[in-house]
Amino acid sequence: MGDTEVEVLSARDVPLGGPRAMTVRRTLPQRARTLIGAWCFADHYGPDEVAVSGGMDVAPHPHTGLQTVSWLFSGEIEHRDSLGSHALVRPGELNLMTGGHGISHTEVSTPGTTVLHGVQLWVALPDEHRHADRDFRHHAPKPVRLEGAELRVFLGTLAGETSPVPTFTPLLGAELLLDAGATVTLTVDPAFEHGLLVDEGAVRLAGTLLGPAELGYAGPGHATLTLTNESGGRARTVLLGGTPFDEEIVMWWNFIGRSHQDIVEAREEWERASERFGHVDGYPGDRLPAPALPNAALSPRGNPPRA
């Protein structure tokens, strides 16, 4: 595993949520890499002092062609969607929403939240399923203790634990807490490519050191991944994986399609309050308006060709 090439993807700061925007650190997508498996979007935020920042308040907004994965380290977020789901996102519990043909939802940190900290992830749906029905799943994975680490598997299979939440392509999602100075070798599916996002600490992935908010990418073809916590305290990471997603996608605002026209149609339907996206009950405010489309046509993008 020592000769595994690891590509380091650095985050950029992005405002999230319109007029009441909070700042997040985004590692996917970027010019160097559009997807890791079907994972196409990774935002990492906090620890955010809600008394200072105002917390999260994202008004009703739409999605197409994707699934959202919400995973918290601290705090609590209230989720409402046009399927009628009303749920709380809590630390160590998965909330997965399928947008498919169209859904809308809100995300608001609860009044009792003092520190908000977590990740928001998207999964691209393959072409044959990108118009799937709206869906919402909740799962609270049990913590699994390994020598030198504790993990929670929220999607896929790792260390003998399998999440019951179904996915449209083979995926892995897990939170790993590494003891100070610990080295852990994980058995993984060699057909998967993987991304390791570091939240806190300094973690070496196959010999490459990653700091907070950095994501290390390792391509397919390896049966193990070795992680070493180089920091003096606990390190927290999120491991993402999946089989390479060989389709090109167009991702703009909250929509994923396959062509510029797909995005144009989704935007127009959101702006005229089409039933495609339904209605979110219980939010005390207006919907987020869609931004203006760029002057140039949106082009499909995929990953660089594999060697």
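I began with the interior of this predicted model, looking up the largest nonpolar core, which has 32 residues, and I noted that Trp-39, Cys-40, Val-69, Leu-94, Leu-121, Phe-154 and Leu-155 touch the most other members. I then asked which strands each supply at least two residues of this core, and found S4 (39–49), S6 (66–74), S9 (94–98), S11 (115–124), S14 (149–155), S22 (215–218) and S24 (235–242). The largest share, five residues, comes from S11.

Next I looked up Phe-154 and, leaving aside its neighbours within four places in sequence, I listed its contacts, among them Trp-39, Val-69, Trp-71, Leu-94, Leu-121, His-139, Pro-141 and Val-238. Apart from the largest core I found another one, of 25 residues, including Leu-178, Phe-192, Leu-196 and Leu-210.

I turned to the chain as a whole, and counted two helices and 26 strands in the protein chain. Its radius of gyration is 19 Å, close to the 19 Å that the globule rule gives for 307 residues, so I record the chain as being as compact as a globular protein of that length. Along its principal axes I read a span of about 55 × 45 × 35 Å for the C-alpha trace.

I also checked how the contacts are spread in sequence, and among those with a separation of 6 or more, 72% join residues 24 or more positions apart. Of the 307 residues, 54% count as buried.

Last, I looked at the surface and the charges: the protein chain exposes about 12700 Å², of which carbon and sulfur atoms supply 49%. I noted 24 positive and 39 negative side chains, with the centres of the two sets 2 Å apart.

How values were computed:
Residues numbered from 1 in each chain as written. Predicted model: local features only at pLDDT ≥ 70, side-chain atom pairs only at ≥ 80, totals over all residues. Heavy atoms only, no water. Helix = DSSP H or I, 4+ residues; strand = E, 2+ residues; numbered from the N terminus. Rg over C-alpha atoms; globule rule 2.2 N^0.38 Å. Buried < 20%, exposed > 50% of the residue type's maximum accessible area, 1.4 Å probe, protein only. Contact = heavy atoms within 4.5 Å. Areas by Shrake-Rupley, 256 points an atom, 1.4 Å probe, with all protein chains shown as cover. Lys, Arg positive; Asp, Glu negative; His and termini not counted. Charge placed at Lys NZ, Arg CZ, Asp CG, Glu CD. Core = buried A, V, L, I, M, F, W, Y, C linked by side-chain atoms within 4.5 Å.
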